[in-house]
Amino acid sequence: HLSGRKSLGLKAMTLEILGYEMTPISDLIGKGRKQITMAEVPIEKASPYAGADADFTLRLYPIVKEELKEKGLLHLIPEVEIPLVDVLVKMQRNGISIDTNLLRKMSAELGEKLAEVQSNIHQTIGHEFNVGSPQQLSDVLFKELRLPPTKRTKGGFSTDAPSLESLKQRLDSGAIPDADPKAYDVLDSILGYRQISKIKSTYVDALPNLVNFKTGRIHTNYNQTGSTTGRVSSNDPNVQNIPVRTELGREVRKAFIAEQKGWTLLGVDYSQIELRILAHMCQDSGLLKAFHDGEDVHNATASAVYDVARDQVTPDMRRIAKIMNFGVVYGLGIFGIQQQTGLKAEEGRDFIETYFGKYPGIQDYIEQTKADAARDGYVQTL
């Protein structure tokens, strides 16, 4: 399957499909400091290399075209992908302005904050250690604070975010009675430290260095074949993963600015797009009605599942209904619901059953998709 291939480059596809290993460009231009440009390669070496590029492109063309035709994907090239190239090229060339002064100021503030959090952790523990070292952190958590071991890694026990979050939740529920009373605060501080540290290094410190000196803007690379689902990805820098739900992430986003006075940056988002697509695909009458009537679909779900009138839905009911609307569709189980909503296991189970009871078309769609996957060995998007 095309999207499952490790690389979509000509050489990789030639090897995989035709079983022929093409000459790597490094054989012509070398590597590292001694690397030359293609203009310096002698004609007698460059011409067969260039000829092979054209030759194998032509040989691959009918094979790949037939595969796309078999899978009913041929229309995507002229109707979706090629028209999008011009848009992405324009976006990439235009780039976006950032407020480097704001980021430098933020960097200094975050540096102070990291030092303060680290100092607090050291004071709580009673000695200094490197918070960034998994080995030293592991010793503090599992030997000194008597926390139960997490999954085993090469260096000891895992101190990754999911492991620490899980320990924090277990402490909070009283499930680890032997732990040192300081453990909860230390875990909380370490997770906070990591969040600040990651945003500082990935965005706050890195973005100003990526400004193009000619344009004064950042020009990220948009990758059309970067994800299996067809979503566009970006790199150098990846501007799609800046957190939006945390105060810190929102501060970083403020650094992206409209360059000239009177210009505005406009943020546009589809309203509940996944659920609209789901309604179209599963044709559940309840979900379709909510959209056709122009209702707030999370409110409608809360009303249906909690069995209250639409105007009696509380913000908390809506919040849980929203988690369920998106979560259940993506396979969120009882444990996941517990983690995200704070509901007990039996409450989560009841909620899922009630949810599917109100929207049976969704459950039928999910089960049908599983059956399709078992039969065909793959599933496909709309």
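How far apart along helix 9 are R250 and E247, in helical turns? I started my notes here. The two residues sit three apart in helix 9, so about one helical turn separates them. I then checked the side chains and found a salt bridge between R250 and E247, with the closest N and O atoms 3.2 Å apart. A note to self on the background: side chains of opposite charge can pair when their charged atoms come close.

Before going on, I remind myself that this is a predicted model.

**Entry: the helix 9 pair, exposure**

I looked up how open this pair is. R250 comes out as partly exposed because its relative accessibility is 37%. E247 is partly exposed too, with a relative accessible area of 49%. That value falls short of the exposed class, because exposed means over 50%.

**Entry: other salt bridges**

How many salt bridges does the count give? I get 17 salt bridges by the rule in use. I picked out a couple to look at one by one.

K151 and D160 join their side chains in a salt bridge, at 3.3 Å from N to O. K151 is exposed, at 52% relative accessible area. D160 is partly exposed, at 27%.

Next I went to R375 and D376, whose side chains meet in a salt bridge of 3.0 Å, N to O. Which residue joins R375 and D376 in a network of salt bridges? I found D372 there, linked with R375 and D376 in that network. R375 is exposed, with 58% relative accessible area, whereas D376 is partly exposed, with 36%.

**Entry: backbone oddities**

I went through the backbone for unusual angles. The background I keep in mind is that most residues other than glycine have a negative phi, and most peptide bonds are trans.

Where does a cis peptide bond turn up? I found one joining D236 and P237, with omega at about 0°. P237 lies in the loop between strand 5 (233–235) and helix 9 (247–253). D236 belongs to the loop between strand 5 and helix 9 as well. I noted a second thing about D236: its phi is near 55°, a positive value in a residue other than glycine. Is D236 buried or exposed? I have D236 down as exposed, because its relative accessibility is 53%.

Q272 is another entry on my phi list, with a positive phi of about 50° although it is not a glycine. I placed Q272 in the loop between strand 6 (256–257) and helix 10 (273–282). Q272 counts as buried because its relative accessible area is 16%, and the buried class is anything under 20%.

**Entry: surface patches**

I looked for patches on the surface next. Which residues form a negative surface patch? My list reads E346, E347, D350 and E353. I followed up on E353, which sits in helix 15 (residues 345–358). E353 is exposed, since its relative accessibility is 53%.

I also noted a nonpolar surface patch of about 510 Å², made by Y270, I273, I277, M281 and L382. L382 caught my eye, as it lies in the segment after helix 16 (360–376). L382 is exposed, with a relative accessible area of 71%.

**Entry: two asparagines**

I closed the session with N325 and N120. N325 is in helix 13 (residues 315–329). Is N325 buried or exposed? I find N325 buried, because its relative accessibility is 0%. Which side chain does N325 contact? I found a polar contact of 3.1 Å between the side chains of N325 and T301.

N120 is in helix 5 (residues 100–125). I have N120 as partly exposed, since its relative accessibility is 38%. I also ran a distance check from N120 to L275: they are 155 residues apart in sequence and 44 Å apart in space, C-alpha to C-alpha.

How values were computed
Residues are numbered from 1 along each chain as its sequence is written. This is a predicted model: local features need pLDDT of at least 70, side-chain atom pairs count only at pLDDT 80 or more; totals for chains, interfaces and linings use all residues. Side-chain values use heavy atoms; hydrogens and water are left out. Patches are made of residues with over 30% relative accessible area and no salt bridge: like charges are joined within 9 Å, nonpolar side chains (Val, Leu, Ile, Met, Phe, Trp, Tyr) within 5 Å. Accessible areas come from the Shrake-Rupley method with a 1.4 Å probe; for residues, only the protein chains shown count as cover. A salt bridge is a side-chain nitrogen of Lys or Arg within 4 Å of a carboxyl oxygen of Asp or Glu. Lys and Arg count as positive and Asp and Glu as negative; His and the chain ends are not counted. The place of a charge is taken as NZ of Lys, CZ of Arg, CG of Asp or CD of Glu. Helices (H or I, at least four residues) and strands (E, at least two) are DSSP runs, numbered from the N terminus. Buried means under 20% relative accessible area, exposed over 50%, partly exposed in between (1.4 Å probe, protein chains only). A polar contact is a pair of N or O atoms within 3.5 Å; within protein, one must be able to donate a hydrogen and the other to accept it, and residues adjacent in sequence count only if both atoms are side-chain atoms.
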